[in-house]
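User: I would like to go through the strands and the nonpolar core of this model. Please keep the answers short.

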Amino acid sequence: MKFCATIALTTIFVLSSYGLLGFQGDFAIQPARAVTQEEIDYREEMVCFVEAIAARARMTNPQFGIFPQNASELGTYPSYIAMLTGIAQEDIYYGYIRDGRATLWRITQELEDNLERFKAGDKLVLTLDYPFRSRNVPRFDQATRKKIDRAYQRSSTKGYVPYATVRNLNYLVINPAHEPHPNEPPIINWDQVKEWAIQLQPSWDQSRPSFLNTLGESQFDLVVLDYSFDGSEAMEFTPEEITSLKNSLRGKVLAYLSIGEAEDYRWYWREEWDANHDGQPDPGAPEWLDEGNPDWPGNYKVRYWYAGWQDIIFAYLDRILAQGFDGGYLDLVDAYSITRVNERHFKDMPAPPNRAYPARNLRYARPSYEIAS
Ligand SMILES: [Ca+2]
Ligand SMILES: [Ca+2]
């Protein structure tokens, strides 16, 4: 039985409005007492949130794709699997402990077990591995090529769609012997996707047109990029650019969207939320804003079950829809395992596979260096 706090609050509020719960007078400020912090199930709140994102997007575009990254343990909720187009899993074969290192067999098996539920639900399963030692530059020496081959082979055997790249996701890696094929016929339906790639920031030598042209001419069936050239509002891609990208690719185009952490270079951020940049929200910051992520200055934990944060993500989603993206690639869906409040909640529970995620502090960061303009 899934339980969404935001919905439950509304219900209780309605009941109390009619006096059914025995409130007298100031009931309008009472309903928050109905659900205490301890009673919130942070996993279920994330499931509810992703469901709300999918429902909202599909009111505008019924075919809109929803792809969470990681958090495959949420596949125990049938309603969660049902609303997804697919899932992306990082580090399943390489990179869980360290870039370029094979993932422990036990972890691989645990993740594959989780992903089976998504396969059984006929969902696309994308795998994303980091067989390269460098975070920025792919080098195809003999040893690395063997790792790439192994990741692709294992992933394909399971019926997944593999990709291997560098951790900073700042390079469109074309893996030797695994080059993408022409999109002939064009990719119209999600189940046609057999190749994919992700590049969230341009390479050091890429201008805005060359970044888009390289993706557009890549022949991948599906590509993931940020909604903006440099992450900022000023450099948002225009609907014309995204249409042109889709036309030249003849494939699917997804926008990256972090739903489980706030990023201080995004359009919604206000300088006064943490004016002294010490990672502690300042007075006047919204209630949903939590402390900074010590591994990533500029990233902040959020109480993602608060309406204030969810409204921001819905507005973000509207921008992505207006640009014409085919779907959303949702990051930090596993925020329930790294939220401070949540650690108290889960302290007596068995750790999910992604808890204390060793590679977490190697995660995609922006901006990592100066980019060409
Ligand atoms: Ca292709
Ligand atoms: Ca502060």
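User: How many bridges join strand 2 to strand 3?

Analyst: The model is a predicted one. Strand 3 covers residues 124–129, and strand 2 runs parallel to it. Among the bridge partners across this pair are Ala88 with Leu126 and Gln89 with Thr127. The number of bridges that join the two strands is five.

User: Which helix does the chain pass through from strand 2 to strand 3?

Analyst: Gln89 has its bridge partner, Thr127, in strand 3. The β-α-β crossover from strand 2 to strand 3 is right-handed. The helix on this path spans residues 105–120 and is helix 4.

User: In what order do the strands lie in the open sheet?

Analyst: Strand 2 is joined to strand 3 by five bridges, and strand 3 is joined to strand 4 by four. Both pairs run parallel. Three strands thus form the open sheet, and their order is 2-3-4.

User: Which strands are the edge strands?

Analyst: The sheet is open, with the order 2-3-4. An edge strand here pairs on one side only, and this holds for the strands at 86–90 and 161–164. The twist from one strand to the next averages 20°. The edge strands are strand 2 and strand 4.

User: Are the residues on the two faces of strand 3 buried or exposed?

Analyst: A residue counts as buried when 20 or more other C-beta atoms lie within 10 Å of its own. On one side of strand 3 are Leu124, Leu126 and Leu128, and on the other are Val125, Thr127 and Asp129. Six of the six residues of strand 3 meet the criterion, and both faces are buried.

User: What is the bridge partner of Asp129 in strand 4?

Analyst: Strand 4 has Val161 and Tyr163 pointing one way and Pro162 and Ala164 the other way, all of them buried. The bridge partner of Asp129 in this strand is Ala164.

User: At what angle does helix 5 run to strand 4?

Analyst: Helix 5 comprises residues 142–157 and lies across strand 3 and strand 4. Its angle to strand 4 is about 165°.

User: Which helix gives the most to the largest nonpolar core?

Analyst: Nonpolar side chains tend to be buried together in soluble globular proteins. The largest nonpolar core has 83 residues, of which Met46, Leu126 and Val223 touch the most other members. Leaving aside residues up to four places away in sequence, Met46 touches Leu74, Tyr304, Val333, Ala335 and Tyr336. With nine residues, from within 42–60, the helix that gives the most to the core is helix 2.

Methods:
Residues numbered from 1 in each chain as written. Chains lettered and ligands numbered in written order. Predicted model: local features only at pLDDT ≥ 70, side-chain atom pairs only at ≥ 80, totals over all residues. Pairing = 2+ DSSP bridges. Axes fitted to C-alpha atoms, helices over the stretch in contact; angles between N-to-C directions. Contact = placed C-beta atoms within 7 Å. Core = buried A, V, L, I, M, F, W, Y, C linked by C-beta atoms within 7 Å. Buried ≥ 20, exposed ≤ 12 C-beta atoms within 10 Å, placed from the backbone. Right-handed = clockwise from strand over helix to strand, strands pointing away.
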